[in-house]
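Trainee: I should like to go through this structure with you, one question at a time. May we begin once it is in view?

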Protein chains: 2
Amino acid sequence: MTGEIHERHMARALELAAGSFGDGGCPIGAVLVDHHTGRAIGEGHNGLVQEGNPIVHGEMAALRNAGRMRNRHNTTMYTTLQPCFMCAGAIVQFGIPRVVVGDAENASSNETIRFMRDRGIDVVILDPGRSAAARNCIELARRFRELKPELWLEDWGGGPNPALRAT
Amino acid sequence: MTGEIHERHMARALELAAGSFGDGGCPIGAVLVDHHTGRAIGEGHNGLVQEGNPIVHGEMAALRNAGRMRNRHNTTMYTTLQPCFMCAGAIVQFGIPRVVVGDAENASSNETIRFMRDRGIDVVILDPGRSAAARNCIELARRFRELKPELWLEDWGGGPNPALRAT
């Protein structure tokens, strides 16, 4: 049952990601779901190209779309791609207790996953062997990396700063 | 000399923060400065109330205002208030090598400072004994906490999620 719910919300996040890609943008989408109703209360996609705004990653767009809330303690964030540190930091800061990830294969490390899990967040990485949505998330990000490597790098913040020591 | 430069940029961040407070918003401001020119390339203030947008903290507004960049490896972020995890995560993700903080006294812990320092970021906390801007940052945040405690809490994400274990 949980698998079906995850699949449905991830399919919507993927639809938003694919739409962004079709518009020339970065193909990452996210949906914030309320635990009580099981419904999406915010959704969005990366807006780097469309808005010229580097802080609008998929997860951030979903938080923006959900708007003001007293807290987000009863929500789950679905995201097509493993969160970067900005988005993982937002998830930690806002006390979001669960994150469901479609694609953890195209990320360069699992450092942000560890960062969230160390703070008690339940990070669910969908199994591409069992989830069609996960397979499609992985394939979409792979195509993006291949077709637009410079945009991929810009969206991740330009790559590690060589002046900062490795973590 | 560095002290004068810090003072000048922090005074501008404080001006943005005070303007936001005057408009009924959260009084946190930030300025992103280019190392080569010494000039601000982005600035802004918290937009929770004004935009109804919880992701627009001061630092995020400065990043948004600076717009698209190949990277931010030669910049310093000035912020009137110690970054939350969302903003600290953005600073880490974008490889910003230095952060100057006006007020670290009104934060509930130094966890985000440690998070950034552990990743090689030079975090400078201005000394209120020597910096008028720092004293004013501390005083402004203190007034905000006293006058609008619910808004302060909402802006920090609603407080810790009791379902997540302490860090």
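**Charged pairs, helix packing and buried threonines**

Mentor: Let us start in helix α1 (residues 2-22) of chain B, where B:Arg12 and B:Glu15 are 3 residues apart and therefore separated by about one helical turn. Please keep in mind throughout that this is a predicted model.

Trainee: At what N to O distance do the side chains of B:Arg12 and B:Glu15 meet?

Mentor: Side chains of opposite charge can pair when their charged atoms come close. B:Arg12 is partly exposed, at 29% relative accessibility. Its side chain and that of B:Glu15 form a salt bridge, with an N to O distance of 2.8 Å.

Trainee: Which residues of chain A are joined into one network by salt bridges that share partners?

Mentor: In chain A, the side chains of A:Glu43 and A:Arg12 meet in a salt bridge of 2.5 Å, N to O. A:Glu43 lies in strand β2 (residues 40-45) and A:Arg12 in helix α1 (residues 2-22), so this pair ties together parts that are 31 residues apart in sequence. Salt bridges with shared partners make one network of A:Arg12, A:Glu15 and A:Glu43.

Trainee: Are A:Glu43 and A:Arg12 buried, partly exposed or exposed?

Mentor: Buried would require a relative accessible area under 20%, and exposed one over 50%. A:Glu43 has 26%, and A:Arg12 has 30%. Each value lies in between, so A:Glu43 and A:Arg12 count as partly exposed.

Trainee: Which residue meets A:Arg142 in a salt bridge?

Mentor: A:Arg142 belongs to helix α6 (residues 132-147) of chain A, and its partner is 3 residues away in that helix, about one helical turn. A:Arg142 is partly exposed, with a relative accessible area of 32%, and the partner is partly exposed at 34%. The N to O distance is 2.9 Å, and the partner is A:Glu139.

Trainee: How many salt bridges does the structure hold over all chains?

Mentor: The pairs discussed include A:Glu43 with A:Arg12, A:Arg142 with A:Glu139 and B:Arg12 with B:Glu15. Over all chains, the number of salt bridges is 14.

Trainee: How are helices α4 and α5 of chain A oriented, roughly parallel or roughly antiparallel?

Mentor: Helix α4 (residues 85-93) and helix α5 (residues 111-118) of chain A pack with their axes 10 Å apart, at an angle of about 10°. An angle under 35 degrees counts as roughly parallel. The orientation of α4(A) to α5(A) is therefore roughly parallel.

Trainee: How many nonpolar residues does the contact of α4(A) with α5(A) have?

Mentor: From α4(A) come A:Phe85, A:Ala88, A:Gly89, A:Ile91 and A:Val92, which meet A:Glu111, A:Thr112, A:Phe115 and A:Met116 of α5(A). By class, the contact has 1 charged and 2 polar residues, and the number of nonpolar residues is 6.

Trainee: Against which elements of chain B do the buried residues of α5(A) pack?

Mentor: The buried residues of α5(A) are A:Glu111, A:Thr112, A:Ile113, A:Phe115 and A:Met116. Within chain A, they pack against α4, β4 (98-103) and β5 (122-125). In chain B, they pack against α4 (85-93) and α5 (111-117).

Trainee: Which backbone oxygen does the side chain of B:Thr75 reach?

Mentor: B:Thr75 lies in strand β3 (residues 75-81) of chain B and is buried, at 2% relative accessibility. Residues that B:Thr75 touches include B:Leu32, B:Ile41 and B:Met69. At 2.8 Å, its side chain reaches the backbone oxygen of B:Arg72.

Trainee: With which side chain does B:Thr76 make a polar contact of 2.7 Å?

Mentor: B:Thr76 is also placed in strand β3 of chain B, and it is buried at 1% relative accessibility. Among the residues it touches are B:Val31, B:Ile96 and B:Val100. The polar contact of 2.7 Å joins its side chain to that of B:His35.

Trainee: Which side chain makes a polar contact with the side chain of B:Gln50?

Mentor: B:Gln50 is in helix α2 (residues 48-51) of chain B and is partly exposed, with a relative accessible area of 32%. The residues it touches include B:Asp23, B:Gly25 and B:His45. Its side chain makes a polar contact of 2.9 Å with the side chain of B:Ser20.

Terms used
Residues numbered from 1 in each chain as written. Chains lettered and ligands numbered in written order. Predicted model: local features only at pLDDT ≥ 70, side-chain atom pairs only at ≥ 80, totals over all residues. Heavy atoms only, no water. Salt bridge = Lys/Arg side-chain N within 4 Å of Asp/Glu carboxyl O. Helix = DSSP H or I, 4+ residues; strand = E, 2+ residues; numbered from the N terminus. Buried < 20%, exposed > 50% of the residue type's maximum accessible area, 1.4 Å probe, protein only. Axes fitted to C-alpha atoms, helices over the stretch in contact; angles between N-to-C directions. Parallel < 35°, antiparallel > 145°, perpendicular 65-115°, else oblique. Contact = heavy atoms within 4.5 Å. Nonpolar A, V, L, I, M, F, W, Y, C, P; charged D, E, K, R; others polar. Polar contact = N/O pair within 3.5 Å; in protein donor to acceptor, adjacent residues only side chain to side chain. Lists of a residue's contacts leave out its neighbours within four places in sequence.
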